[in-house]
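Please open the model in your viewer and display the side chains. The tour below proceeds by selection, with a note on what is to be found at each stop.

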Amino acid sequence: MPSLRFIGGIAWMAVTIAGCGATTTPSSAKATVPSEPTLIDYVDPSVVQGLNTRTLFSGETGNQHVHAVYPAVADAPRLTERLHRTVSGELDRFTRRGGPADALPKPEFNVDWQLAAASPEVLGIRLRIGRSMESGWNESRTTVWYDRTKRRALDSADLLTGRPALVALTGVVRSELALRGPLVTPNALRPDREMFDSLVFNPRGDLVVEFDDEQVGLGVAGRVVVAVPSATATPLLSEVGLRAQRAAVRAKKVPAPTSQEEIEAASTDKPPARSTKAGSVDCAKLRCVALTYDDGPGPETSRLLDILHAHGARATFFSIGSNASARPDLLRRMRDEGHLVANHTWSHRVLTMLPSSRIADQLTRAQHTIAQTIGQTPTLMRPPYGDSDIQVAAIAGRLNMAVVHWNVDSEDRQDADPQAIADRTVARTEPGAIVLLHDSHRATVDAAPEILRRLSAAGYTFVTVPELYGSDEMLPGRIYESGGVSAEPDR
């Protein structure tokens, strides 16, 4: 499993400007220029025993697109609870803000996360919370720390020794910001714990201080970050702050690709993803159906795999890259048991609202993680919320992936009743159907035995999506909605 250090928001989005350790990222910038000393070595989450992901909500709620996911660590319940509270609180505020019922494009809320540090003493989880606003896309960042020795969740400001250290840090950062020019407003910075809610460390032990969009600058300034040299920062650190600093400095360095081109190359050197049981079923003669599961892997995925195995069924899993990075064991199990692993982007953004470079970034990051994990390169992708257009299809085609939609929606995300989910799925299924389900949803997995039992009794065979098309190869860049049906993207 590759390290995730190269794919964090800082490594991909920071752009250096003149001065010592202070950077801003113009919101319109398309280039991804690695920046030191603000580059953070994010840790591969699969090295943390008991780490999984939890989905608060993923889908459409009212007139909003929502993808709210956070990590959960089995032996750190207080950390998990703090992350849940943080994400759910931000989602509640976004939902209450609402908007016109017929607003287009639909408002979007999205949570991405990285593991800022991991050691026997500390864990650091960085949340990046994005939301569409009247002025455009806006992101806030917060890093929650966990002291494993005392079993307590901490704010970033708790990495400091106290109020005097916070005041001193404010002065240092304000001095740096004063050199940044008119886009940054250093006088907006106050010695407020909430303003210093995302503190992390780079591999040299420098303290990296990052702010929310528009917090200490104009909207066009985008993300603003300052790196405080270790010699200045260390005297300000608390005991747990020193542990966090040591964890960042001692993190194992694993070479990893640092550009989109390198990631694409590292992904395409693997053979195309294919079910180990492909070719064992002739869907021209049998009643075939493709069950597809989005948004995993997660806590329910292992149980779903047990159910599918017990029924001799296989499925197609459209996996989110950030979730896959946390549970590579589940992706390998999917591959070994005859399922097909496919691409559902890195963090479930609405692709049709992104520039081409960001669409490619969402797809290639997920592609790289999946390919390095299972030793195969996905040939299928599914756009989050099913939102695609000619640009999305063209980029998928360039990456050698077909675009897969569905023609049976189980509507499982809005339902906690397994029986209702099973009833709808069975009633709507016909030969050649591509069925939309979610392995991140407990009720969906609870419904799986009933779906499999009833469809099996009706004579259905469960196959992966490409098997619906038999010897007809699924073409990159084409959109597929059901067995035997594909379409050119709308022009």
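Select Val209 first in this predicted model. Beyond its neighbours within four places in sequence, Val209 is in contact with Leu169, Val173, Phe196, Ser198 and Leu199, and also with Val224, Val225, Val226 and Val228.

Now widen the selection to the nonpolar core around this residue. Val209 belongs to the largest nonpolar core, which has 39 residues; together with Trp145, Leu169, Val173 and Phe196, Val209 is among the five that touch the most other members. Colour the contributing elements next: at least two residues of this core come from each of S4, helix H3 (163-177), strand S8 (199-201), strand S9 (207-211), strand S10 (223-228) and helix H5 (239-250). Another core, of 33 residues, lies apart from this one; to find it, select Leu308, Ala422, Ala448 and Tyr460, which are among its members.

Move next to strand S3, residues 64-73. All 10 of its 10 residues are buried, so the strand is largely enclosed by the rest of the structure. Which residues point each way from S3? Gln64, Val66, Ala68, Tyr70 and Ala72 point one way, while His65, His67, Val69, Pro71 and Val73 point the other way, and all are buried.

Add strand S2 (residues 51-61) to the view: S2 and S3 pair in the antiparallel sense over 10 bridges. To locate the pairing, select Thr53, which stands opposite Pro71 in S3. The two strands form a hairpin with two residues between them. In that turn, select Gly62, which has a positive phi of about 65 degrees.

Then show strand S4 (residues 108-118), which runs parallel to S3 and is joined to S3 by three bridges. His65 is a suitable place to centre the view, since there it stands opposite Glu108 in S4. With helix H2 (residues 77-97) also displayed, S3, H2 and S4 can be followed as a left-handed β-α-β unit.

For the last stop, select Cys283 and Cys288, which are joined by a disulfide with an S to S distance of 2.2 Å. How many disulfides does a search of the whole structure find? The search finds one. The link of Cys283 and Cys288 is left-handed, with -95 degrees about the S-S bond. Are its two cysteines buried or exposed? Cys283 has 16% relative accessibility and therefore counts as buried; Cys288, with a relative accessible area of 2%, is buried as well. The cut-off for buried is under 20% relative accessible area.

Key. Residues numbered from 1 in each chain as written. Predicted model: local features only at pLDDT ≥ 70, side-chain atom pairs only at ≥ 80, totals over all residues. Heavy atoms only, no water. Buried < 20%, exposed > 50% of the residue type's maximum accessible area, 1.4 Å probe, protein only. Helix = DSSP H or I, 4+ residues; strand = E, 2+ residues; numbered from the N terminus. Pairing = 2+ DSSP bridges. Right-handed = clockwise from strand over helix to strand, strands pointing away. Core = buried A, V, L, I, M, F, W, Y, C linked by side-chain atoms within 4.5 Å. Contact = heavy atoms within 4.5 Å. Disulfide = S-S within 2.5 Å.
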